[in-house]
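Visitor: I'd like to walk through this one and ask how each label is earned. Could you show it to me?

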Amino acid sequence: MSEKNPSVHYINYLELDKILNAQHPISGDGKEAAHDEMFFIIIHQTYELWFKQIIHEIESIMDLFKEEKINEDTIGVIVSRIERVNKILKVLVQQIDVLETMTSADFLDFRHHLSPASGFQSHQFRKLELMLGLKIKDRHQLGGCPYHNEFEGAKKKEILSLEDSDSLFKLVEKWLERIPFLKMEGFDFVDKYETVVNEMMNKECLSIKESPLLSEQDKALRIRMIEENRIYFERVFDERVHQKAFDNAETSLSYKATLSALLINLYREQPILHLPSKFLKNLVELDHQIATWRFRHVQMVEKTLGQKIGTGGSSGQGYLKKTVDQHKLFTDIANISTLMISRSYAPELPKKVREQLGFNFTDKWK
Ligand code: HEM
């Protein structure tokens with residue numbers, strides 16, 4: 001920082017006096033204090049600072065998705081921001097290694113001072129979950145008590161208003177629904193896809209039936225495996241089948257958004273779909289990094305607390321384990337892989353469609 005302008009000094013700019021004076025162990029003063037409590041406070045504060053940065057990035061991504069038209073430049077910005085979020089999440093997962101240097105005995109030296117405080121009361125963590133799309137109806141409830149009862153005043157108001165606002169999941173779904181390439185220039189994606197999928201499945205079944213290397217039992221098993229996959233393909237072929245799965249909560253992504261996500265993945269090498277496919281990949285990565293954090297956190301809790309209940313009053317590891325899978329949000333995007341077919345089967349795009357999916361300069365050099 002500049003020495004000439006003391007108002008922009010490193011210490012002032014970063015408000016270090018505030019941050020570095022915000023650690024106040026409650027287990028005692030000086031030698032009386034439990035040694036690891038300082039560490040416990042600092043690691044939580046570090047997490048909260050990173051949560052703040054993640055929220056800042058996700059908020060900006062959501063603002064960009066709220067725009068009526070999202071061009072390639074905007075998608076480029078969105079991709080670079082979500083990639084940053086994923087790198088931060090990796091650090092947050094790794095930080096559990098540091099947390100695990102605190103043993104159960106070290107923690108017990110001061111744990112009794114903490115109750116009823118708990119990570120369960122992290123306002124930023126709840127805010128992030130809500131912004132991504134984890135609404136109360138989809139949560140694993142702790143003791144039948146809504147989680148927002150932990151907050152009061154402006155914080156509670158903010159949480160409740162996020163419950164009613166469009167989440168990143170919703171905004172991405174709406175964006176996918178707006179993508180215009182499903183029917184164009186006489187190219188009907190679903191129609192072509194259905195033809196090649198049936199061709200592919202018939203061929204696979206035939207080669208199993210004719211295989212001299214498989215027993216009749218193996219043949220029946222493999223054919224059953226192929227047939228069981230058909231239910232997922234049928235959701236693409238027929239919107240009513242998808243709707244039924246949606247009503248039964250087997251999927252939460254709309255029909256049109258599912259088709260677009262599939263098209264983006266199938267034709268991800270087309271220039272205009274390259275960044276959207278990178279974004280979808282990062283969205284799944286984000287979901288998986290958070291799930292990995294939840295999993296590492298619960299394993300750490302198992303080592304530190306065993307079967308003891310949490311200071312927030314939950315069953316501890318029992319409650320946390322349930323959230324690992326149940327609180328994932330972008331599983332339907334990850335599950336597009338069920339619908340993927342090899343490049344050799346992907347319906348060929350007519351020249352006019354390819355031109356529209358390519359950047360303008362592509363054809364000039366042909
Ligand atoms: C010794 C270290 C830790 C222990 C033993 C521990 C234990 C627990 C327990 C038992 C819960 C369940 C709620 C309850 O009954 O309290 C919980 C929730 C939570 N903890 Fe930790 N935790 C530790 C460190 C951390 C750290 C460093 C963070 C970082 C911010 C954190 C964030 C959270 C969050 C966000 C929840 C809510 C999870 C949810 O409801 O999905 N915890 N923790």
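Guide: Sure, starting with a definition: Ala, Val, Leu, Ile, Met, Phe, Trp, Tyr, Cys and Pro count as nonpolar, Asp, Glu, Lys and Arg as charged, and the others, Gly among them, as polar. By that scheme, the lining of the largest cavity has 12 nonpolar, 1 polar and 4 charged residues. This is a predicted model, where local features need pLDDT of at least 70, side-chain atom pairs count only at pLDDT 80 or more, and totals for chains, interfaces and linings use all residues. Residues are numbered from 1 along each chain as its sequence is written, and side-chain values use heavy atoms, with hydrogens and water left out.

Visitor: What makes a space a cavity rather than a pocket?

Guide: On a 1 Å grid over the protein atoms alone, a cavity is a set of points where a 1.4 Å probe fits but cannot get out, while a pocket is an open set with protein on both sides within 12 Å along at least five of seven lines; lining residues have an atom within 4 Å of a point. The largest cavity holds about 160 Å³, and Phe 125 and Arg 294 are among the lining residues nearest its centre. The largest pocket has about 1,400 Å³.

Visitor: Why is Tyr 10 called partly exposed?

Guide: Buried means under 20% relative accessible area, exposed over 50%, and partly exposed in between (1.4 Å probe, protein chains only). Tyr 10 has 48% relative accessibility, so it counts as partly exposed.

How values were computed. Grid points are joined across faces, edges and corners, and a volume is the space filled by probe spheres set on the points.
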